[in-house]
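Let's walk through this protein piece by piece. Have a look at the sequence and the 3D view, then read on.

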Amino acid sequence: MTDCIFCKIANREVNSRIVFENERVVAFHDLFPAAPTHVLIVPRQHYSTLNDVPADQAALLGEMVATATQLAKDNGFAEDGYRVVMNCNPDGGQSVYHIHLHLLAGRKLTWPPG
Ligand code: 5GP
Ligand code: ZN
């Protein structure tokens with residue numbers, strides 16, 4: 001996608017604070033953090049919403065979760081806890097249409113979300 005902000009971040013055409021990357025996924029700090037730690041994990045492959053991910057790409061979704069878990073461990077908040085969430089379409093609160101997993105940590109998070 002040529003006009004996608006997260007594609008541009010993944011390709012380093014737009015600056016962001018990248019904390020991890022490999023051939024398939026990139027993790028970077030959210031520009032407007034909702035918690036002391038707020039990292040977004042995205043696939044390099046552009047999928048607009050969770051609905052668009054083919055069933056045979058389930059491993060990619062698993063790698064996104066595994067990346068979040070590893071970051072939680074590496075940054076010392078695995079024991080206190082954290083939240084991973086993906087928003088889908090307007091009712092889910094999605095605002096950027098390149099799928100991303102939010103990793104939120106560093107404060108007591110409330111439930112249910114708004
Ligand atoms: P959504 O609302 O789609 O679940 O989450 C999109 C997230 O992307 C939001 O938390 C928002 O703060 C973040 N965001 C939007 N634009 C940018 C950007 O240009 N750079 C970074 N690092 N985060 C962004
Ligand atoms: Zn994209």
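## Strands side by side

Start with strand 1 and strand 2 (residues 25-29), which pair in the antiparallel sense over three bridges. Look for Ile18 here: standing opposite it is Phe28 in strand 2. Keep in mind that this is a predicted model.

Now zoom out. The two strands belong to an open sheet of five strands, in the order 1-2-3-5-4 and with antiparallel pairing. Strand 1 (18-21) and strand 4 (82-85) are at the edges with a single partner strand each, so one side of each has no neighbour in the sheet. From one strand to the next, the twist averages 15 degrees.

## A helix on the sheet

Helix 2 packs on this sheet and touches strand 1, strand 2, strand 3, strand 4 and strand 5 (101-105). Compare directions, and you get about 155 degrees between helix 2 and strand 3.

## The zinc site

Which protein donors hold on to the zinc ion (ligand 2)? They're Cys4 (SG), Cys7 (SG), His46 (ND1) and His98 (ND1), at 2.0 to 2.3 Å from the ion. Along the chain, their spacing reads C-x2-C-x38-H-x51-H.

Cys4 sits in the segment before helix 1 (5-10), while His46 is in the loop between strand 3 (37-43) and helix 2 (58-74), so this pair ties together parts that are 42 residues apart in sequence. Why is the arrangement around the zinc ion (ligand 2) called tetrahedral? Because the four donor atoms subtend angles of 104 to 117 degrees, and the cut-off asks for all angles to lie between 85 and 135 degrees.

Are Cys4 and His46 buried or exposed? With under 20% counting as buried, Cys4 is buried at a relative accessible area of 5%, and His46 is buried at 14%.

Key
Residues are numbered from 1 along each chain as its sequence is written. Chains are lettered from A and ligands numbered from 1 in the order in which they are written. This is a predicted model: local features need pLDDT of at least 70, side-chain atom pairs count only at pLDDT 80 or more; totals for chains, interfaces and linings use all residues. Side-chain values use heavy atoms; hydrogens and water are left out. Donors are N, O and S atoms within 2.8 Å of the metal (3.2 Å for Na, K and Ca); water is not among the atoms, so sites may look incomplete. Four donors count as tetrahedral if all angles lie between 85 and 135 degrees; four count as square planar and six as octahedral if opposite donors are over 155 degrees apart and all others between 65 and 115; anything else is irregular. Helices (H or I, at least four residues) and strands (E, at least two) are DSSP runs, numbered from the N terminus. Buried means under 20% relative accessible area, exposed over 50%, partly exposed in between (1.4 Å probe, protein chains only). Two strands pair if DSSP finds at least two bridges between them. Axes are lines fitted to C-alpha atoms, for helices over the stretch in contact, and angles run from 0 to 180 degrees between N-to-C directions. Contact means heavy atoms within 4.5 Å.
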